[in-house]
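Open your viewer and get ready to pick out side chains as we go. Sticks for charged residues and cysteines will serve well on this tour.

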Amino acid sequence: MIENNKTKTIGLNIESLVLNMTLEEKVSIIHASLKFESGGVKRLGIDNLVVSDGPHGIRPELIPDIIEFVQANRDDDFSVYLPTELALASTWNSEYAYEFGKTLGLEARNRGKEVLLGPGMNIIRTPLNGRNFEYMSEDPFLTKSLAVRYIHGVQDQGIAACAKHLVANNQECERFTISAEMDERTLQEIYLPAFKASVIKGGVKSIMGAYNQFRGQYCCHNDYILNRILKEKWGFEGFVMSDWNGTHDTIESGNNGLDLEMGTEQDWNNYYMANPLIEAVENKEVSMSKIDDKVSRILKVMSFVRNFDVSTLETLDTKKHDNFALKVARESIVLLKNDNQILPLKPFSVKSVLVVGANATRKHAIEGGSSQVKARYEVTPLEGIQNRFEGTEVIYCAGYSEDENDDAALLRQEAVNAAKHADVVIVVGGLNHTAHDREYIDRVDMNLPYGQDDLIEAVVEVNSNMVVAIVAGTPNNMNRWIDKTPAVIQSWYNGMEGGNALAEILLGKVNPSGKLTITFPKELKDSPAHTSAKSYPGVDGQVFYEEGIFVGYRHYDFNEVKPQFCFGHGLSYTSFEYSNLKVSKSKLSSESDSINVTFNIENTGGVAGAEISQLYIMSINSRVKKAVKELKGFSKVSLGPNEIEEINLSVGLEDFQHFDESKNEWMHETGSYEIVIGSSVEKVHLSVAVEVS
Ligand code: GLC
C-alpha cells in the first residue's frame, strides 16, 4: 500500500487556513496545475489534489504536461480491469456495486490517487451514444440504486468519488457545445435522480460538470443546476470540478458554482479560474466569499482523504480484485435467447467447437477514451473457451475483419466451410472501442459493422447448432438473423475475465442471471430519442428531449412499441415461479408511511440459479400523464433447485410521486395504484392494488 505521503496539515480548522491564504494562493487551489492535479499551496504545506479516471479501473499514467492524452508508458501503472458500468448494472447486484467501488478505491489509493472520476451515471437515452458502456441504465431508479452503493464502496476506502457528468450528457455528438433542452418534469424525474441520490444518500465528495450546455448555459458553470439545485436544494458540501476544458467563462465559473477548473491546456495561469479570476475579484465581479467557499470545499475533501485512517483498510490484494472481475462478469452476461435449450452446451456432445469472429480475439481495455485501463491481463472469449472447454477441439476462424482491406467474402467462406464440420459454432461479434463504443463519437446507426450480419446468416445456414455472442456496450440491430439463430448472448466489455465468464456460461458452469438495464429496440426508429433531428442529434446547437419522461421502457410500454428485448429481460438455465404477493397495508397515508411488499420465488428448474425480480408501480386512472410502469424496487436471490425464498421490498410515498411543474415540486395523486412484480418490464407475475390518500 503506497502510504498517502501527502502532508496532513489540513486539520479540521479549514476556516482559519483559508483566512490565512492570499487571493493568489486561494486561486491556485481552484484550477489545474497538471493534467490530473489541482494546485496546492507550498507555503502552507498543502499538496496538489490528485484525481484519476476511471469508472472501471485506474487509468494508466499519462504525460502530465502536454495537451494531448498520451501514455507515459510506465511499468508500474497496471490496474484491475473490471467489467464496464453497463455490465455491472446488468448484474442488478447492489453488493457488487459496493464491492466494485471498494476495489477501485483500494487500487486508486495504491496508485497515490485521491479522487476517482467515477461513477458515470448519465441516463442511456439513445442506442447511439458512444459512452453508453460507461453508464448504467435507461432507468433513474436502477441507476441511482447502484451508483450510491458504488460511491459508498469508493469512499469507504478514504477516496473521494465523483458523480459524473452533471447533467444531460447523453450523447457524444457535439458534446462540447450542444445545449440539452427539456422540461422541468423530465429533468427532475429522469435526469437528476441519480445525482440527487449520490449527494443525499451517497454523500459523494465531488461532482463533475458535463461538457454540454443545459438550457443555454454550460453545465460546468450553470447557475440553476449547480447553485440552485445541487448546492442550495440538495445541500451538496463537496466540490464541483469541470470536465476537462469544459469551462468557458470566468465570471460565470466564479459565480455559478464551479469549484475546480480542470483541463489539459498548459497555460495554467490563464485558466478562467486563474489570473482572470483574480482580476474579476479585484474588479468586484466575483466576491471573495465565493472564492473562499470553493477553496473550503476542496480543502474539506483533501482533509477527508488525507486524514483518513488507512489502518482500517484491507491490504491490497490484486488477485482478489481480478477474481472479483470474474464474479461480476459471470453475473453481467445476459442470455437473450435460448431456443430448444441449445444452451448450455453438453460437453460430451461437443467434440469440436468452432469459434468465429474478430471479437473472439479482440482486447478492449486500453481503448474507449478516458475510461481506458492498462489491464494486468485480459482474457478474450477465444482464450476463455480454450481455457474452459476441456477435451473439446477448439477451432478458430476470423469470419470477418475490422480491416476493410481484408477479403470479407473469403473470410466468410472459410468460416462457413469450417462450420459445416463443427459440432457447434460460437460467433463472437459486436463492436469495439476504436470505431463505435467510445468517448467523443456516437454511432450513426445500430447496424453491426464489418459484414457480421452476412456472416451470421451464412453460418446458421450450414449449421443451426450455433450461438451468437455479442460483445458491445449498447444495443445492435439483430433483425437479419435473430429469428434463425437459436441462441443469443449479450456480453459486454466485460473486463479482464470476460472470456472465462462467457465460456462458463456456454458450458453451464455458470447459470446466466444478467438482465437488460436498457431496452434493445428492433429498429433505431423505434427509439424514443429518434423521432426527429431536433430530438437527436439536435439542430442548431440544441437537442430537444421531446420524449420527455418517456425514455427507454417508459416509451415502449406507453406507446406499445414491441422491442427486440425489453428492459429487465434475461433468461436462465432454470425456471422460477413467483407466488404469494402480500403487502403490509393497502393504503399509504403520510410522508413517513411505507408499505412492506413480500412475495415468494421458487426455483422450479433442475439447476441452481439467481433471479432478479422487479417491483414496478402503476397508476390507475391517473389524471397526470405518466409512464405505465416505473421501477421502484428490485431484488436478486440465488436459489438451489426447488428452493423457495421470501423476497422483502418496501415502497414509500416518494415512490408514488411525480414532479408537478405548475407547483414546481414533487406531488402524489391520491387514488389507486398497483404494485406489480415482474421478471422483466413485460413479464408481470404478481400484482396488488393499493391506495394513496
Ligand atoms: C473526459 C471525460 C471525463 C473524464 C475526464 C478526464 O473528457 O468526459 O469523463 O473523467 O475527461 O479524463
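Is Arg215 buried, partly exposed or exposed? Select Arg215: this residue counts as partly exposed, at 33% relative accessibility. Keep in mind as you look around that the model is predicted.

Now add Glu184, whose side chain meets that of Arg215 in a salt bridge of 2.8 Å, N to O. Arg215 sits in the loop between strands E8 (213-214) and E9 (217-218), and Glu184 belongs to helix H6 (residues 184-191), so the pair ties together parts 31 residues apart in sequence. Glu184 counts as buried, at 11% relative accessibility.

Next, select Arg175 and Glu439, which form a salt bridge at 2.9 Å, N to O. Arg175 is in the loop between strands E5 (162-166) and E6 (179-181), while Glu439 is in the loop between strand E14 (424-430) and helix H15 (452-462), 264 residues apart. Both residues are buried. Extend the selection to Arg131, Glu134 and Glu172, and you have the network that shared salt-bridge partners join together with Arg175 and Glu439.

Move on to Arg376 and Glu107, a salt bridge with its closest N and O atoms 2.6 Å apart. Arg376 is partly exposed at 26%, whereas Glu107 is buried at 4%. Across the whole structure, a search finds 44 salt bridges.

What about disulfides? The search finds zero. Try Cys219: the nearest cysteine sulfur, that of Cys220, is 7.0 Å away.

Finish at the negative surface patch of Asp403, Glu404, Asp406, Asp407 and Glu414. Asp406 lies in the loop between strand E13 (393-397) and helix H14 (408-419).

Note on methods
Residues are numbered from 1 along each chain as its sequence is written. This is a predicted model: local features need pLDDT of at least 70, side-chain atom pairs count only at pLDDT 80 or more; totals for chains, interfaces and linings use all residues. Side-chain values use heavy atoms; hydrogens and water are left out. Patches are made of residues with over 30% relative accessible area and no salt bridge: like charges are joined within 9 Å, nonpolar side chains (Val, Leu, Ile, Met, Phe, Trp, Tyr) within 5 Å. Accessible areas come from the Shrake-Rupley method with a 1.4 Å probe; for residues, only the protein chains shown count as cover. A salt bridge is a side-chain nitrogen of Lys or Arg within 4 Å of a carboxyl oxygen of Asp or Glu. Lys and Arg count as positive and Asp and Glu as negative; His and the chain ends are not counted. The place of a charge is taken as NZ of Lys, CZ of Arg, CG of Asp or CD of Glu. Helices (H or I, at least four residues) and strands (E, at least two) are DSSP runs, numbered from the N terminus. A disulfide is a pair of cysteine sulfur atoms within 2.5 Å. Buried means under 20% relative accessible area, exposed over 50%, partly exposed in between (1.4 Å probe, protein chains only).
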